[in-house]
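Me: I would like to learn how to read a protein structure feature by feature. Could you take me through this one slowly?

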Amino acid sequence: SNMRLVYESEVFLPIVRRLKKEEVNEDGTELDLEVRSNFSILMKKDLQKIIYLNNSLPNCYKNVKGFTLGKNNPGFIFISSKGHLKKNDLINRLLVDHSIKPSNIIFLGQHVLSKAEKDFIMGNKLHYFSMKEISMEGAYEVSESIMNLCRNFSDLYILIDSEVLDYTVVKSSWAGGLTVRELLFFIHRLKRMDNLRTFELVISPLLARVAVKLLAEMYVPENQ
């Protein structure tokens, strides 16, 4: 079955309509997405890959939690400018309720962290690939390291918070983030993982041109 796009709110309808006009992505793959709104969704137990389209990070909790249930060794890549490890933040909640093992979370693109978050990441030896590491070591090297880690997971979930993008693109972000092209590079690399089951994109419905581009490149054909 082809990849499914699940949008969490009616505010995304203009983006969904625009995406349907896109014929192929940069891989030359014909886009064939089965589109569902959140409220009409019946979760099949098959291995259909999913993209969730969401406009707030707290809303991702139920999707990630649902993904981890019954999985043998699920892994999670969190692409964001922040750690979201403070009390009641997304990653904190997932760690507190043991949804995912700390060693199975990979942080990518962070550059705005509190001292406590930095200490927690270092103290617990979490997999952490900061914005600085990307710029110093290079995106390719970082992607190789991440893909090597991901091979140990039974199933992979990639959550992209659009705040990872530089403030020139996303006005609520800080300076020093990823360019859209750098983020696309990581999408193109990571979507080749065989165990990838789910992408989630958190983005403002107002950023249609960015959202449509990212969603088109997240598309993975069924035979992959």
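Reply: Let us begin with a word that will return often: two residues or elements are in contact when heavy atoms of theirs lie within 4.5 Å. The helices and strands I shall name are DSSP runs, H or I over at least four residues for a helix and E over at least two for a strand, numbered from the N terminus. Before going on, note that this is a predicted model, in which local features need pLDDT of at least 70 and side-chain atom pairs count only at pLDDT 80 or more, while totals for chains, interfaces and linings use all residues. Residues are numbered from 1 along each chain as its sequence is written, and side-chain values use heavy atoms, with hydrogens and water left out.

Me: Which residues of α6 and α7 meet where these helices pack?

Reply: Two packed helices are described by the angle between their axes and the distance between the axes. Here the axes (lines fitted to C-alpha atoms, for helices over the stretch in contact, with angles running from 0 to 180 degrees between N-to-C directions) of α6, residues 139-150, and α7 make an angle of about 35° and are 10 Å apart. From α6, Ala139, Tyr140, Val142, Ser143, Glu144, Ile146 and Met147 take part, and they meet Phe185, Phe186, Arg189 and Leu190 of α7. The crossing of α6 and α7 is right-handed, a word used when the near helix is turned clockwise from the far one by less than a right angle, whereas anticlockwise would be left-handed.

Me: In what order do the strands of the sheet lie?

Reply: Strands of a sheet pair through backbone hydrogen bonds, either parallel or antiparallel. Two strands count as paired if DSSP finds at least two bridges between them, and in this model eight strands form an open sheet, with parallel pairing, in the order β2-β1-β3-β8-β7-β4-β5-β6. Because β2 (34-37) and β6 (127-129) stand at the edges with a single partner strand each, one side of each has no neighbour in the sheet. On average, and ignoring direction, neighbouring strands are turned by 15° against each other.

Me: How many bridges join β4 and β7?

Reply: Strand β4, residues 74-79, and strand β7, residues 155-161, pair in the parallel sense over six bridges, and Ile77 has Ile158 of β7 as its bridge partner. On its other pairing, β4 is joined to β5 in the parallel sense over four bridges, with Phe78 standing opposite Phe107 in β5. Strand β5 pairs in turn with β6 over three bridges, again in the parallel sense, and there Phe107 stands opposite Tyr128.

Me: What handedness does the unit made by β4, α3 and β5 have?

Reply: A crossover is called right-handed if, with the strands pointing away from the viewer, the path from the first strand over the helix to the second runs clockwise. The β-α-β unit of β4, helix α3 (residues 90-96) and β5 is right-handed, and the unit of β5, helix α4 (residues 115-123) and β6 is right-handed as well.

Me: Which way do the side chains of β5 point?

Reply: In a regular strand the side chains alternate between the two faces of the sheet. In β5, residues 105-108, Ile105 and Phe107 point one way while Ile106 and Leu108 point the other, and all of them are buried, where buried means under 20% relative accessible area, exposed over 50%, and partly exposed in between, with a 1.4 Å probe and protein chains only.

Me: Is Phe76 buried or exposed?

Reply: Phe76, in strand β4, has 0% relative accessibility and therefore counts as buried. Leaving aside neighbours within four places in sequence, Phe76 is in contact with residues including Val64, Ile91, Leu94, Ile105 and Tyr157.

Me: How many residues of α8 are buried?

Reply: Eight of the eleven residues of α8 are buried, so this helix is largely enclosed by the rest of the structure. Among them are Val210, Leu214 and Met218, and the cover over the buried residues includes β1, α1 (13-20), β3, β7, α7 and β8.

Me: How many disulfides does a search of the whole structure find?

Reply: A disulfide is a covalent bond between the sulfur atoms of two cysteines. The test used here asks for a pair of cysteine sulfur atoms within 2.5 Å, and the search of the whole structure finds zero. The sulfur of Cys60 is 18 Å from the closest cysteine sulfur, that of Cys150, which is too far for a bond. Cys60 counts as buried, at 0% relative accessibility, and Cys150 counts as buried at 0% too.
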